Amino acid sequence: MTYNPSRRTFLGGSLAATAAGASGIITPASFAAGPAMTAPEIMYGPAAGVAKLNANENPYGPSPAALKAIAHASSTGGAYYAYQAAMYLTDMIAEKYSLTAKNIAITAGSSLILSYAAYAATTKGVILGPDLFWDTTSKAPISQGGPEIKRVPNAPDLSIDLDALYNAIDDNVAMVHICNPNNPTGKILEPAKLREFCIKASKKTLVLVDEAYNELIQDGPKHSMIPLINEGHNIIVARTFSKIYGLAGMRVGYMLGSEENIELINKYGLGGYSLNQAGLAAAIASYNDEAFKDFSRDKVTEARAMIMEAVKANGLTAIPSSTNFIFVNLGENGSANAFRAAMEEQNVLIRGQYRSYTPWSRVSTGRIEDVKMYVDAMPKALEAMYKKA
Ligand SMILES: Cc1ncc(COP(=O)(O)O)c(C=O)c1O
């Protein structure tokens, strides 16, 4: 069967092959065609033979402990709202950082609470951020008439220019949004410099640090800005179970901040109601599972080395990454969109162009065999991309 990305999301491999018939093209009519196709198999992950390297997930999750907890929580608690489990996880997080439950808000993925923060901020002013960062949630209010993000150019090496950000804070800025390590660059800020910036900037406005990838760094705690909350600074920090914990599909994320900030931000949605027993159980079982985190970090390190080697072997460069994705420079005539299309032809899914950064292509790490597919597909994909240029 020909790989057809538009159907990939909906169909399981074996059923898709049957439904596709001789043409290899699947249409809704394929399902009405015969008795073998009464109930399409629901697909939860990527189809067999597809390397999914486009969303910075950890395909080695959920951990064995999380899988067990998911089954237990679903069978004993699936009929009930997840209030107790939410409180349990909140307390675990609070204890880890010497905070209280009132300093923490858990939602179905950090995107939700991050978007509440954006809605809250934009009632007062604009959000300030770098040109290149994970801006999805800070853009959310725009569709409801909110302001565009005020952006500051990244430094020439694509790192976040903290001085420029600080100088851009004026009375109209209601929140500064920093992502560290940054997505899509994979670059990390020097902790002392970020700390100094956060303390200075938070005297003028609210500072949000999205630490979605913190646990992927070897010395994550050294890079975290959470201690600044304990010190009383006007800072909120977001974390997620979607990355190193391998629970992107289970949807658990959280925000930490002062009691006042958390209470205010929580008013912009019903995040507590978004939680589910299975996701919370998985998060609780994974939170202190250092062996699984070490294992995942090792896989990411191995995959990163494979990608960097392939990049070099193909005459390209990439930004050394602190995370589970790499920002590859496809060169002068490079096109991230053409490269993505050519990769997709070979069943490798990666990201396309970001903003005006035409030659920059982001690839996630992933299962080692998926990364091998990316590495093997690279020469042909580059050739196809250059042909189009
Ligand atoms: C920096 C950053 N923050 C937050 C998220 C959202 O994660 P989730 O909503 O799954 O917690 C992502 C997703 O890729 C991300 O890259």
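Begin by selecting P181 and P184: P184 sits in the loop between β5 and α9, and P181 is placed in the loop between β5 and α9 as well. The coordinates belong to a predicted model, and what follows should be read with that in mind.

**The loop between β5 and α9**

With the backbone displayed, look at the bond that leads into each proline. The peptide bond from N180 to P181 is cis, its omega being near -5 degrees, and the peptide bond from N183 to P184 is cis too, with omega near 20 degrees. Most peptide bonds are trans.

Stay in this loop, which runs between β5 (173-179) and α9 (191-201), and select T185, whose place is here. Is T185 buried or exposed? T185 has a relative accessible area of 0%, and because the limit for a buried residue is under 20%, T185 counts as buried. The side chain of T185 reaches back to the main chain, where the backbone nitrogen of K187 lies at 3.2 Å.

**The ligand and its shell**

From P184, step back to N183 and show the ligand alongside. An N or O atom in the side chain of N183 is 2.8 Å from an oxygen atom of the ligand. Two further side chains can be selected for comparison: in T240, an N or O atom of the side chain is 2.5 Å from a ligand oxygen, and in R251 the corresponding distance from an N or O atom of the side chain to an oxygen atom of the ligand is 2.7 Å. On its own the ligand has 400 Å² of accessible area, of which the protein covers 92%.

Now widen the selection to the full shell. The ligand is surrounded by 14 residues, and the closest are S111, D210, Y213, T240 and S242. Coloured by class, this shell shows 5 nonpolar, 6 polar and 3 charged residues.

Which helix gives the largest share of the shell? That share, 3 residues, comes from helix α6, residues 110-122.

**Along helix α6**

Select α6 as a whole and draw a distance between the C-alpha atoms at its two ends. These atoms are 18 Å apart, in agreement with the 18 Å that 13 residues should span at 1.5 Å a residue. With a surface switched on, α6 proves to be mostly covered, since 10 of its 13 residues are buried. The buried residues are S110, I113, L114, S115, Y116, A117, A118, A120, A121 and T122.

**Aromatic pairs**

Next, show the rings of the aromatic residues; the structure holds 9 aromatic pairs. One of them is formed by F327 and W360, which are stacked, with 5.0 Å from centre to centre and 25 degrees between the planes. This pair links distant parts of the chain, as F327 belongs to strand β10 (residues 325-329) and W360 to strand β12 (residues 360-364), 33 residues apart. Both F327 and W360 are buried.

Then move to F241, Y245, Y254 and Y287, which ring pairs join into a cluster.

**Around β10 and β12**

Return to β10 and select N324, found in the loop between β9 (317-318) and β10. N324 is buried, at a relative accessible area of 2%. Add S364 to the selection: the two residues are 40 apart in sequence, while their C-alpha atoms are 5.7 Å apart in space.

On the other side of this region of the sequence, select R355, which lies in the loop between β11 (348-349) and β12. R355 is not a glycine, and its phi is positive, near 40 degrees. With a relative accessible area of 43%, R355 is partly exposed.

**A second positive phi, and a last stop**

Select N56 in the loop between β1 (51-52) and α4 (64-77). The phi of N56 is near 55 degrees, again a positive value in a residue other than glycine. Most residues other than glycine have a negative phi. N56 is buried, with a relative accessible area of 1%, whereas R355 is partly exposed.

Finish at K203, in the loop between α9 and β6 (206-210). Is K203 buried or exposed? Its relative accessibility is 63%, so K203 counts as exposed. Select H233 together with K203: the residues are 30 apart along the chain, and their C-alpha atoms are separated by 7.7 Å.

Technical notes
Residues numbered from 1 in each chain as written. Predicted model: local features only at pLDDT ≥ 70, side-chain atom pairs only at ≥ 80, totals over all residues. Heavy atoms only, no water. Near = heavy atom within 4 Å. Polar contact = N/O pair within 3.5 Å; in protein donor to acceptor, adjacent residues only side chain to side chain. Areas by Shrake-Rupley, 256 points an atom, 1.4 Å probe, with all protein chains shown as cover. Helix = DSSP H or I, 4+ residues; strand = E, 2+ residues; numbered from the N terminus. Nonpolar A, V, L, I, M, F, W, Y, C, P; charged D, E, K, R; others polar. Expected span 1.5 Å × (residues − 1). Buried < 20%, exposed > 50% of the residue type's maximum accessible area, 1.4 Å probe, protein only. Phe/Tyr/Trp six-rings, centres within 6.5 Å; stacked < 30°, edge-to-face > 60°.
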